[in-house]
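Please open the model in a viewer and set the display so that both the backbone and the side chains can be shown. The stops below are given in the order in which they may be selected.

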Amino acid sequence: SMGCNSFRLDQQMRGLVSVRFESRKRDAPHSMGRLVFAGVLEGDSQPMSCREGRCKPQLPLRFQVSAVAESDVNHLGLAAGLPRSYLARGHCQVDTPRIHCMATTLEGIEWSVDATR
């Protein structure tokens, strides 16, 4: 269990979204851990409305997770080592004020995030 410092919701293309969580690492105070859940919108969730490079989510937003990535970044935001990515199955729900994501890889690695914005 770790505290979340920030999150970011991205839409790479219509219907394809990801949510990135960052947190300070306990064993390395000058670096951050980054965890990304990526997938495809599901059900009645609408793509984010974008205008002039700025996007606004249409909440609640739900998506099926198909991949998870984790990486470490230094105090400048630069990669500290190679990122690790995995095919995974799960789901994310972004709502006011809660975000919940969970996913499991084929190898049985599990991730779960609950955050309040």
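**First stop: V40 and its surroundings**

Begin by selecting V40, which lies in strand 3. The model is a predicted one, and local features are described where pLDDT is at least 70. Is V40 buried, partly exposed or exposed? Its relative accessibility is 47%, and V40 therefore counts as partly exposed, since that class lies between 20% and 50%.

Next, display the residues around V40. When neighbours within four places in sequence are left aside, V40 is in contact with G15, L16, F63 and Q64. Add S66 to the selection and draw a distance between C-alpha atoms: those of V40 and S66 are separated by 7.7 Å, although the two residues are 26 residues apart along the chain.

Now switch to a surface view and colour M13, L16 and V40. Together these residues form a nonpolar patch on the surface, with about 260 Å² of accessible area. L16 thus appears twice at this stop, as a contact of V40 and as a member of the patch.

**Second stop: the seven-stranded sheet**

Return to a cartoon view and follow the strands across the sheet. In what order do its seven strands lie? The order is 1-2-3-6-7-8-9, in an open sheet with antiparallel pairing. Strand 1 (6–13) and strand 9 (110–116) are the edge strands, each pairing on one side only. On average, neighbouring strands of this sheet are turned by 25° against each other, direction ignored.

Select strand 8 (residues 98–105) together with strand 7; the two run antiparallel and are joined by seven bridges. Two positions are convenient for checking the register. V94 stands opposite I99 in strand 8, and A88 has T105 in strand 8 as its bridge partner. Between strand 7 and strand 8 there are three residues, and the two strands form a hairpin.

Continue from strand 8 to strand 9. Seven bridges join this antiparallel pair, and the bridge partner of H100 is D114 in strand 9. The hairpin of strand 8 and strand 9 has four residues between the strands, and within this hairpin G108 takes a positive phi near 95°.

**Third stop: the hairpin of strands 4 and 5**

Move to strand 4 (residues 46–51) and strand 5 (residues 54–58), which pair in the antiparallel sense over four bridges. Select C50 and look across to strand 5, where C55 stands opposite. Which residue of this hairpin takes a positive phi? The residue is E52, with a phi near 55°, in a hairpin that has two residues between the strands.

**Fourth stop: S71**

Select S71, located in strand 6. With a relative accessibility of 14%, S71 counts as buried, because the limit for that class is under 20%. Not counting residues up to four places away in sequence, S71 touches M32, G33, R34, P83 and R84. Keep R34 and R84 displayed, as both return at the next stop.

**Fifth stop: the salt bridges**

Side chains of opposite charge can pair when their charged atoms come close. How many salt bridges does a search of the whole structure find? The search finds six, and some of them are visited here.

Select R84 and E70, whose side chains meet in a salt bridge at 3.6 Å, N to O. R84 lies in strand 7 (residues 84–94) and E70 in strand 6 (residues 61–74), so this pair ties together parts that are 14 residues apart in sequence. R84 is partly exposed at 33% relative accessibility, and E70 is partly exposed at 23%.

Then select E22 and R34, which form a salt bridge with an N to O distance of 2.5 Å. This pair links distant parts of the chain, with E22 in strand 2 (residues 16–24) and R34 in strand 3 (residues 31–41), 12 residues apart. E22 is buried, with a relative accessible area of 14%. Add R20 to the display to see the network of salt bridges that links R20, E22 and R34.

Finish with D10 and R8, a salt bridge in which the closest N and O atoms are 2.9 Å apart. D10 counts as partly exposed at 22% relative accessibility, and R8 is likewise partly exposed, at 45%.

How values were computed. Residues are numbered from 1 along each chain as its sequence is written. This is a predicted model: local features need pLDDT of at least 70, side-chain atom pairs count only at pLDDT 80 or more; totals for chains, interfaces and linings use all residues. Side-chain values use heavy atoms; hydrogens and water are left out. A salt bridge is a side-chain nitrogen of Lys or Arg within 4 Å of a carboxyl oxygen of Asp or Glu. Buried means under 20% relative accessible area, exposed over 50%, partly exposed in between (1.4 Å probe, protein chains only). Contact means heavy atoms within 4.5 Å. Patches are made of residues with over 30% relative accessible area and no salt bridge: like charges are joined within 9 Å, nonpolar side chains (Val, Leu, Ile, Met, Phe, Trp, Tyr) within 5 Å. Accessible areas come from the Shrake-Rupley method with a 1.4 Å probe; for residues, only the protein chains shown count as cover. Two strands pair if DSSP finds at least two bridges between them. Axes are lines fitted to C-alpha atoms, for helices over the stretch in contact, and angles run from 0 to 180 degrees between N-to-C directions.
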